[in-house]
Amino acid sequence: MHTAIHTTTKRTLWTPDHDDILKERFHTDCLHDIATHIGCTCSTVSSHARRLGLRKISPSGRNCDARSFVLIEYPNLSYQEMAERTGLHRETIRIIARELGLERTQKQLREIRSRRRKELIQKERRRIIFGLDQKTNIKVVSNHQKIRLRGSLKRLGYILGTDGHTFYYYPGLRRHPIKESNGRALGFTFLPLPTACTEETIHDSASPAMSVNGQTIN
């Protein structure tokens, strides 16, 4: 009597590291070699490649417009930016750049990183202004109390200088000593509005004063 022996193969749990291996080798190695390296089946490799948006494309069949775009913008844009503008996967952009023999200088890399960071900080600041949560951990506002007080003073009629730290008050403005004291503690400066500006401000804002019951006060 013969007993059938069933062997079981330990299933490999797919991890983000396997995604990196697949991205690195997909365009240069066959699926069988990648599957052997990872320890899974070819169908598993193929399904994860589709999930990542990877496709086997010969250089001659690539989108000529996308290749021309990468050739022109490679020194100025990041891989992600070029991918978004061409509709291709980021890894595909990297492969195209490698095929074209493109390289960036250290100066170009620094400029791209600096610009991307500034753009990200601006987006995060806009989210904060509109009361939304940040999407990143980048510290974009150094002092929330200072930001709130600046907005409050502007609403009360104080005129903010171009340096962002000096507030001007004009004759007739109802001043708020407590807020000014708090502002000085935060580094704000309060000064009377220069004479020429004061006359223009008063002229532009001149209007009959209204009492509580809506009657004009002369």
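**Entry 1: a network of charges**

I began with Glu81, Arg115, Arg116 and Glu119, which are linked in a network of salt bridges. I note here that the model is a predicted one.

Within this network I looked up Arg115 and Glu119, which form a salt bridge with the closest N and O atoms 3.2 Å apart. Both residues lie in helix 7, which covers residues 106–129. They are 4 residues apart, about one turn of the helix. An α-helix has 3.6 residues a turn, so residues three or four places apart point the same way.

Are these two side chains buried, partly exposed or exposed? Arg115 has a relative accessible area of 26%, so I entered Arg115 as partly exposed. Glu119 is at 30%, so Glu119 is also entered as partly exposed.

**Entry 2: other salt bridges**

How many salt bridges does the count give? I wrote down 8. I then looked at a pair with Asp19 in it.

Asp19 forms a salt bridge with Arg51, and their closest N and O atoms are 2.7 Å apart. This pair links distant parts of the chain, since Asp19 is in helix 1 and Arg51 is in helix 3, 32 residues apart. Asp19 has a relative accessible area of 13% and is therefore buried. Arg51, at 49%, counts as partly exposed.

The next pair I looked up was Glu91 and Arg94, whose side chains meet in a salt bridge at 2.4 Å, N to O. Both of them lie in helix 6 (residues 90–99), where they are 3 residues apart, about one turn of the helix. I found both Glu91 and Arg94 to be buried.

**Entry 3: Arg150, a charge without a partner**

I went to helix 8 (residues 144–155), where Arg150 lies. Arg150 is buried yet has no salt bridge. Which side chain of opposite charge is nearest to Arg150? I found Asp163, at 8.0 Å. A salt bridge needs the nitrogen and the carboxyl oxygen within 4 Å, so this pair does not count as one.

I also listed what Arg150 touches, not counting residues up to four places away in sequence. The list is Leu160, Gly164, His165, Phe167 and Phe188.

**Entry 4: the aromatic rings**

Phe167 and Phe188 sent me on to the ring pairs. The count comes to 5 aromatic pairs. For Tyr158 and Phe167 I noted ring centres 6.5 Å apart and planes at 90°, so this pair is edge-to-face. Tyr158 has 3% relative accessibility and counts as buried. Phe167, with a relative accessible area of 0%, is buried as well.

How do the rings of Phe167 and Phe190 lie, stacked or edge-to-face? Their centres are 5.7 Å apart and their planes are at 20°, so I entered the pair as stacked. The pair links distant parts of the chain: Phe167 is in strand 2 (residues 166–169) and Phe190 in strand 3 (residues 189–192), 23 residues apart. Both Phe167 and Phe190 are buried.

Ring pairs join Tyr158, Phe167, Phe188 and Phe190 into a cluster.

Glu180 has contacts with members of this cluster. Glu180 lies in helix 9 (residues 177–185) and is buried, at 3% relative accessibility. Leaving aside neighbours within four places in sequence, Glu180 is in contact with Tyr158, Arg175 and Phe190.

**Entry 5: Arg104 over two rings**

I checked where the charged end of Arg104 sits. It is over the ring of Tyr74, 4.0 Å from the ring centre. The charged end of Arg104 also sits over the ring of Tyr79, 5.0 Å from that centre.

**Entry 6: the two sides of helix 3**

I returned to helix 3, the helix that holds Arg51. Which residues of helix 3 (residues 42–51) are buried? I listed Val45, His48 and Ala49. These residues cover an arc of only 105° around the axis, which puts them on the same side of helix 3. On the other side of the helix, Ser43 and Arg50 are exposed.

I then looked for what the buried residues of helix 3 pack against, and found helix 1 (16–25) and helix 2 (31–38). Helix 1 is also where Asp19, the salt-bridge partner of Arg51, lies.

Last, I looked at what follows helix 3. Gly53 comes after the helix, with a positive phi near 80°.

Key. Residues are numbered from 1 along each chain as its sequence is written. This is a predicted model: local features need pLDDT of at least 70, side-chain atom pairs count only at pLDDT 80 or more; totals for chains, interfaces and linings use all residues. Side-chain values use heavy atoms; hydrogens and water are left out. Rings of Phe, Tyr and Trp (its six-membered ring) pair if their centres lie within 6.5 Å; planes under 30 degrees apart count as stacked, over 60 as edge-to-face and the rest as tilted. Buried means under 20% relative accessible area, exposed over 50%, partly exposed in between (1.4 Å probe, protein chains only). A charge sits over a ring if NZ of Lys or CZ of Arg is within 6 Å of the ring centre and within 35 degrees of the ring normal. The arc is that of the directions from the helix axis to the C-beta atoms. Contact means heavy atoms within 4.5 Å. Lys and Arg count as positive and Asp and Glu as negative; His and the chain ends are not counted.
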